[in-house]
Amino acid sequence: MKFFKSNKFYTLVCVAISVVIITTAFLLLPTPTQSENILPVIKPDLPEDSVAPQISLLGEEFIILNYGQEYTEAGYSATDDLDGDITDDVEINPSVDTFTPGTQTITYSVSDNAGNIATAIRTVLVKHETVESTGEERTVYLTFDDGPCIYTPQILDILAQYNVKATFFVTAQKPEYAYLMKRIVEEGHTIAAHTYSHLYDIYSSSESYFEDLDKINDLIYEQTGTRTAIMRFPGGSSNIISKQYKEGIMSEIVPAVLEKGYVYFDWNIDSGDATTSKPDKIVRNVTSRLSSGNNIVLMHDMKSAQITALPQIIEYCFNNGYTLAPLNDGTYPARHSINN
């Protein structure tokens, strides 16, 4: 009987120990989280967004303003292939200061939800205040057409020797010398637009003319990082060769040029270097015609005779009380009568 009771007691102890062990083991098991009790969500495969948005500028990408003229934003829009219209997210920097002459850049930027960034640039050129001529100045503006070319470095060296600044109405006739545009600007001279091609068939239509003008201004910007409001028509505004391509074209494009904000310069002294290769004659053509007021001299850096003539012209000006200066877009211009 004692054995039975002892055996029963042993069984109860074993059962109790087993219960404790099982309970402890259960308590030690990690509790499943709520997310582990829910079936996994299968997300659809979304296309990878690696395409940047697009910004479209309304109006002209290059604008010329008068000194102090209010700048009016022409507008813009921005779209993304996945996010749609994101125009409201476009940031503009900086604002235009129309009381500071020179080239200013407005940057438009926007990013989509994937972080892809797009930018666009509008260039604004603020002109100098126009200074009316009193007729009493004794100022000489040496202007060189048709370069840069093989002789341009020598012209620049001579100008540097005398510490004289001039104006270069450039073309793209010799593209291998386009790099000299940067030197022209860096040495303090005025760079101006003449023509990209210097082919007179640009006078066949307004569209053809402005396409050529835009191309040379783009090349100037590419080479120098600046744009110009100063230009000169091939053959001058009084040319009649344009009649061969379109009757009345000059009467059509001259007002359009002014409306776009450009300042065009003809000349009131022709050095004659286009028709003579004699340096002494070039010198006489210039020095004999100098007078009070603004003397805007037509020259060509594509003519080797200027290498000899230029120092003599500069020295004559110094010795006779003339000031040599570069044009700016506020200089009172010399202009011819329009003949077509």
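A charge is taken to sit over a ring if NZ of Lys or CZ of Arg is within 6 Å of the ring centre and within 35 degrees of the ring normal. In the predicted model described here, the charged end of K260 meets this description with respect to F210, whose ring centre is 5.1 Å away. A second case involves R138, which lies over the face of Y322 at 4.1 Å from the ring centre.

F210 also takes part in contacts between aromatic rings. Rings are counted as a pair if their centres lie within 6.5 Å, and by this rule the count comes to 10 aromatic pairs. One of these is formed by Y209 and F210, with 5.3 Å from centre to centre. The planes of the Y209 and F210 rings stand at 80° to each other; the pair is classed as edge-to-face because planes over 60 degrees apart are given that name. Y209 and F210 are both buried. The two residues belong to one aromatic cluster, which is formed by Y200, Y203, Y209, F210, F233 and Y264. The ring of F210 thus has an aromatic partner in Y209 and the charged end of K260 over it.

The strands of the model include two open sheets. An open sheet of 4 strands is arranged in the order β2-β7-β6-β5, and its pairing is mixed. The edge positions are held by β2 (62-65) and β5 (91-93); each has a single partner strand, so one side of each is left without a neighbour in the sheet. On average, and with direction ignored, neighbouring strands of this sheet are turned by 25° against each other. Within the sheet, strand β6 (residues 102-111) and strand β7 (residues 117-126) run antiparallel and are joined by 10 bridges. At one point of this pairing, S111 stands opposite I117 of β7.

An open sheet of 3 strands follows the order β1-β3-β4, with antiparallel pairing. Here β1 (54-57) and β4 (84-85) are the edge strands, and because each has a single partner strand, one side of each lacks a neighbour in the sheet. Strand β1 runs antiparallel to strand β3 (residues 76-80), and 4 bridges connect them. The bridge partner of L57 is Y76 in β3.

A parallel pairing is found between strand β9 (residues 167-170) and β10, with 4 bridges joining them. In this pairing, F169 stands opposite A192 of β10. In a regular strand the side chains alternate between the two faces of the sheet. For strand β10 (residues 190-193), T190 and A192 lie on one side and I191 and A193 on the other. These residues of β10 are all buried, and both faces of the strand are accordingly covered.

Among the helices, α3 (residues 152-162) packs with α8 (residues 305-319). The two axes are 10 Å apart and form an angle of about 20°. Angles under 35 degrees count as roughly parallel, and α3 and α8 are therefore described as roughly parallel to each other. The crossing of α3 and α8 is right-handed.

Finally, R335 is found in the segment after β15 (323-324). R335 has a relative accessible area of 37% and is partly exposed. Although R335 and G236 are 99 residues apart along the chain, 8.6 Å separates their C-alpha atoms.

Methods: Residues are numbered from 1 along each chain as its sequence is written. This is a predicted model: local features need pLDDT of at least 70, side-chain atom pairs count only at pLDDT 80 or more; totals for chains, interfaces and linings use all residues. Side-chain values use heavy atoms; hydrogens and water are left out. Rings of Phe, Tyr and Trp (its six-membered ring) pair if their centres lie within 6.5 Å; planes under 30 degrees apart count as stacked, over 60 as edge-to-face and the rest as tilted. Buried means under 20% relative accessible area, exposed over 50%, partly exposed in between (1.4 Å probe, protein chains only). Two strands pair if DSSP finds at least two bridges between them. Axes are lines fitted to C-alpha atoms, for helices over the stretch in contact, and angles run from 0 to 180 degrees between N-to-C directions. Angles under 35 degrees count as roughly parallel, over 145 as roughly antiparallel, 65 to 115 as roughly perpendicular and the rest as oblique. A crossing is left-handed if the near helix is turned anticlockwise from the far one by less than a right angle, and right-handed if clockwise.
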